[in-house]
Amino acid sequence: MRSTSPDDSLAQDSAPDAGRVSPGNPWPARLLLVFCCWHAAFLIYSIIPAPPAQNKPGHPALDFYRIALGGRQQWNMFETIPVLHSLDVRFEGVDRQGRETIVDPVLPGFKPLPRPESARYYNAFYRLLLAAETVPFRDAYLRKVGPLLAAQRDPTAGETWTLVVNQEYTRNLFHSRRGGPISVLVSKSFDISTPDGDAP
Amino acid sequence: MPRSPRMPTISRWLRSPADLFFKPEDERIYAAVRIVFAAVALLNLLLLWPDRQVFFSNEGLVDLDAAMGDAKPFYLSIFGLLGSEAAVTSVMFVTAFALVMLMAGIGARLAAFWVLVWHISYMARAPLPLAGWDLVLRCFSFLVLISPMGKYWTLPALIRGHAGMIPASVSRHGLILLRLQVVVLYWHAVLARILNPDPYWGNGEFLSYFMLSHHARWPGRWVLEYGSFLAVVTYAIQLAEAAIPVLLLVKKTRWWGALLGTALHIGICLVARDLGLFCLAMLMTYTAFLRHEDVAGAEQWVRRRWRRGASA
């Protein structure tokens, strides 16, 4: 690199922290070179996306490398259209007298979902309640919520609780252009005592 | 057959990876990556701060046992041990301190190590609220850790007025891997659509649906009136994603690549709600494509402004 002025001249730094390989001992340089070649090959291989629905367990060593060093190289963002127009989640309780109560879903403290929807909360609740591959998270959430609701409400009221998920799905563009709303409401509910859920 | 004197010998071929990875590079490029990366990661942490108990504590939304079961093959997270509300707050406070240290270049290697631990930990503890920028920051946190840190663009050197210092020439292995990571990021998305064709990207309707979704800043019936225009933009996005890495890699066109990428990501940020951090994380990755003359020019510009300000 040729310098043109004192301001942009460069020095061969002798500090070990500056990433220069010591000329005396070649082994650190060799190890670094091998690692760089390996990681570059790992990255180049990662350009090719895995086939869809391939859920084979990987090699533990390679998976460990992905978690600890390489990162999960999945960059197929918006692989298909986002279909939800909006998402709303709440607990609905009914006591023995038929009185209804609504409680917000965010733990701790049963706080409301932020409005307008934040990307993180949207992702969290979509994956928590609607994604097929994260059912253990949903079951654990519903198991946790039952005792918490019981503890903060009047135990003599005999309330039964349901988690209600209101999803507005974007309608097909062809149909929307011919008139009518741009989205359609679909509700899904989960009984707290039977967390497997039921969809009307 | 007589061997051409220009034909490379085997030993020369074997040396080419070393030439590629160990060619000297201006340490200020690494410093630019380190500073901008730490700033964006710190912003991400600050935006997570109000929701730290919701996402990372044992009292929050995401069940620890489910997160441990979801992690394959191992659960790697300090939040496995530190799950109380106070512990989560402490971890994030230490991380904020580490990010400031990384930005300042003080104890930078140790700070970068902690920042990597933080990214691995929170992503394992709370896989549900993750977004695309988390993965970008996590990949860069590892590559920053294995990159030369340098001493020239650090707070101590700045305070001393760079007395007796000139920027060091360091190995460029980190920059090669950082640039390759950016190429993977874009081309993986492009190849995913080619190998597993999606009808909405293919027929140009993707952006119309995006603009009607919860992601959109202004969803409404008006979107239906601009179907043809949005189809053109859908195809333009795919072309841009394929072209940006090539333009960034070529020295003469790197600014065009940066301009195209900036237009793409600022465009997404403008029409989408709450994806600003993705825009910043992606623009942060472009610092890896800076060259010696860029950082030298930037430094000279700042020095001139500083002198002018001091003399005024």
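How much area do chain A and chain B bury between them? About 7,900 Å² is buried, 67% of it on carbon and sulfur atoms; buried area is the accessible area (1.4 Å probe) that two parts lose on being put together, summed over both. The structure is a predicted model, in which local features need pLDDT of at least 70 and side-chain atom pairs count only at pLDDT 80 or more, whereas totals for chains, interfaces and linings use all residues. Residues are numbered from 1 along each chain as its sequence is written, chains are lettered from A and ligands numbered from 1 in the order in which they are written, and side-chain values use heavy atoms, with hydrogens and water left out.

**View 1. The interface of chain A and chain B.** In this interface, 86 residues of chain A are in contact with 99 residues of chain B, contact meaning heavy atoms within 4.5 Å. On the chain A side, W75(A), R120(A) and F137(A) lose the most area to chain B, together 12% of what that side buries.

**View 2. Polar and charged pairs between the chains.** The rule finds 19 residue pairs in polar contact across the interface, both residues at pLDDT 80 or more. A polar contact is a pair of N or O atoms within 3.5 Å; within protein, one must be able to donate a hydrogen and the other to accept it, and residues adjacent in sequence count only if both atoms are side-chain atoms. Helix 1 of chain A gives the most to the side that touches chain B, with 11 residues; helices (H or I, at least four residues) and strands (E, at least two) are DSSP runs, numbered from the N terminus. The count between the two chains is 1 salt bridge, a side-chain nitrogen of Lys or Arg within 4 Å of a carboxyl oxygen of Asp or Glu. R120(A) and D134(B) form a salt bridge, 2.8 Å from N to O.

**View 3. Salt bridges within chain A.** D88(A), R90(A), E92(A) and R115(A) are linked in a network of salt bridges. The closest N and O atoms of D88(A) and R90(A) are 3.3 Å apart. D88(A) counts as partly exposed, at 28% relative accessibility; buried means under 20% relative accessible area, exposed over 50%, and partly exposed in between (1.4 Å probe, protein chains only). In another salt bridge, D95(A) meets R99(A) at 2.9 Å, N to O. D95(A) is buried at 9% relative accessibility, whereas R99(A) is exposed at 52%.

**View 4. Helix 15 of chain B.** The 20 residues of this helix (residues 292-311) should span 28 Å at 1.5 Å a residue, and its end C-alpha atoms are 28 Å apart, which agrees; the expected span is 1.5 Å times one less than the number of residues. H292(B), D294(B), V295(B), A296(B) and E299(B) are buried in helix 15. Their cover includes strand 1 (24-26), helix 2 (27-48) and helix 13 (254-271) of chain B. R303(B) and E299(B) form a salt bridge, with the closest N and O atoms 2.9 Å apart. These two residues lie 4 residues apart in helix 15, about one turn of the helix. R303(B) is partly exposed at 22% relative accessibility, and E299(B) is buried at 7%.

**View 5. Helix 2 and helix 7 of chain B.** Of the 22 residues of helix 2, 16 are buried. In helix 7, 13 of 14 residues are buried.
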